[in-house]
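The following exercises concern salt bridges in a protein model. Please examine the sequence and the structure before attempting them.

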Amino acid sequence: MKIDAAVQRYSAQGRYVEGFARGKMKADPAYRAVLAYLQPGMTLLDVGCAEGYLLALAAESIGELRLVGFDHDLRRLGIARAALEGLDAELYAGDARDTELPEADAICVLDVLHYQTPPEQDAILARLAGALRVGGVLLVRDGRSDGGWRSTVTGWSEKVAMALGRHKGDGVWFRTQAEMRAALEELGLEVAVDPCAENTPFANVLFVARRVGVGRSTDGEAEPSG
Ligand SMILES: C[S@@+](CC[C@H](N)C(=O)[O-])C[C@H]1O[C@@H](n2cnc3c(N)ncnc32)[C@H](O)[C@@H]1O
């Protein structure tokens, strides 16, 4: 994972922005985990991309990706736009609940769903599954509510971040691992669950959900998998 090259993309925006980028890229195990599912030629959609850290890491580490990301926080999106300048990257302001979605081979939604209510989470997941190409993978990283003391730490850290104004939203809604898995399986996806909390006190897991059945093909028609 090419952290130095990705961080370099943020250096023109000042030491604070660069330092935050480096800290987050080094500390969060989700980025490395996600990169393992990417290959050159893919379209990667990052839902709630914030400052674009995953997209920058993917561009530097994998190369030859079509990068698409959106977020409803314009300040964070502005940082992403400046960092990804010159790349094959499309970044737009949008809300996961209703924004238009491109077809993609890999869709990431990392630490985003819990800012919506469970019914909204289900609706967003259905929209994302509909945008996934046959053979594609939907990667959902979120905290689980049934992870003991880790869930308590995760919940409190989110509440503090919201109180400090770092995250927008009306609240936080974590779900059990079984609930999230069931929500994805309900959409016809094949689901595996990986722990994603290495070297952190959080209750995070990565749901790896694959579209192996009928889905949207590259020309927009429904087609069965081969
Ligand atoms: C904790 S940050 C995670 C950022 C990024 N996914 C990462 O892991 O590096 C959550 C991001 O999701 C965005 N977000 C939350 N709900 C959203 C929604 N409904 N539509 C678009 N963005 C959303 C927030 O604005 C914020 O930038």
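The exercises below treat selected salt bridges of this predicted model.

**Exercise 1.** Determine how many salt bridges a search of the whole structure finds, and state which residues are linked in a network.

*Solution.* The search of the whole structure yields 14 salt bridges. Salt bridges link Lys24, Asp28, Asp111 and Arg141 in a network.

**Exercise 2.** Locate the partners of the salt bridge between Arg66 and Glu90, and classify each as buried, partly exposed or exposed.

*Solution.* Step 1: the closest N and O atoms of Arg66 and Glu90 are 3.3 Å apart. Step 2: Arg66 belongs to strand S2 (residues 66-71) and Glu90 to strand S3 (residues 89-93), so that the pair, 24 residues apart, links distant parts of the chain. Step 3: partly exposed residues lie between the limits of 20% and 50% relative accessible area. Arg66, with 31%, is therefore partly exposed, and Glu90, with 39%, is partly exposed as well.

**Exercise 3.** Classify Asp95 and Arg97, which meet in a salt bridge, as buried or exposed to some degree.

*Solution.* Step 1: the N to O distance in this salt bridge is 2.8 Å. Step 2: buried means under 20% relative accessible area. Asp95 has 18% and is therefore buried, whereas Arg97, at 37%, is partly exposed.

**Exercise 4.** Describe the salt bridge between Arg175 and Asp122.

*Solution.* Step 1: the two side chains meet at 3.0 Å, N to O. Step 2: Arg175 lies in the loop between helix H7 (149-163) and helix H8 (177-185), while Asp122 is in helix H6 (residues 118-131), 53 residues apart. Step 3: Arg175 is buried at 10% relative accessibility, and Asp122 is partly exposed at 33%.

Notes
Residues are numbered from 1 along each chain as its sequence is written. This is a predicted model: local features need pLDDT of at least 70, side-chain atom pairs count only at pLDDT 80 or more; totals for chains, interfaces and linings use all residues. Side-chain values use heavy atoms; hydrogens and water are left out. A salt bridge is a side-chain nitrogen of Lys or Arg within 4 Å of a carboxyl oxygen of Asp or Glu. Helices (H or I, at least four residues) and strands (E, at least two) are DSSP runs, numbered from the N terminus. Buried means under 20% relative accessible area, exposed over 50%, partly exposed in between (1.4 Å probe, protein chains only).
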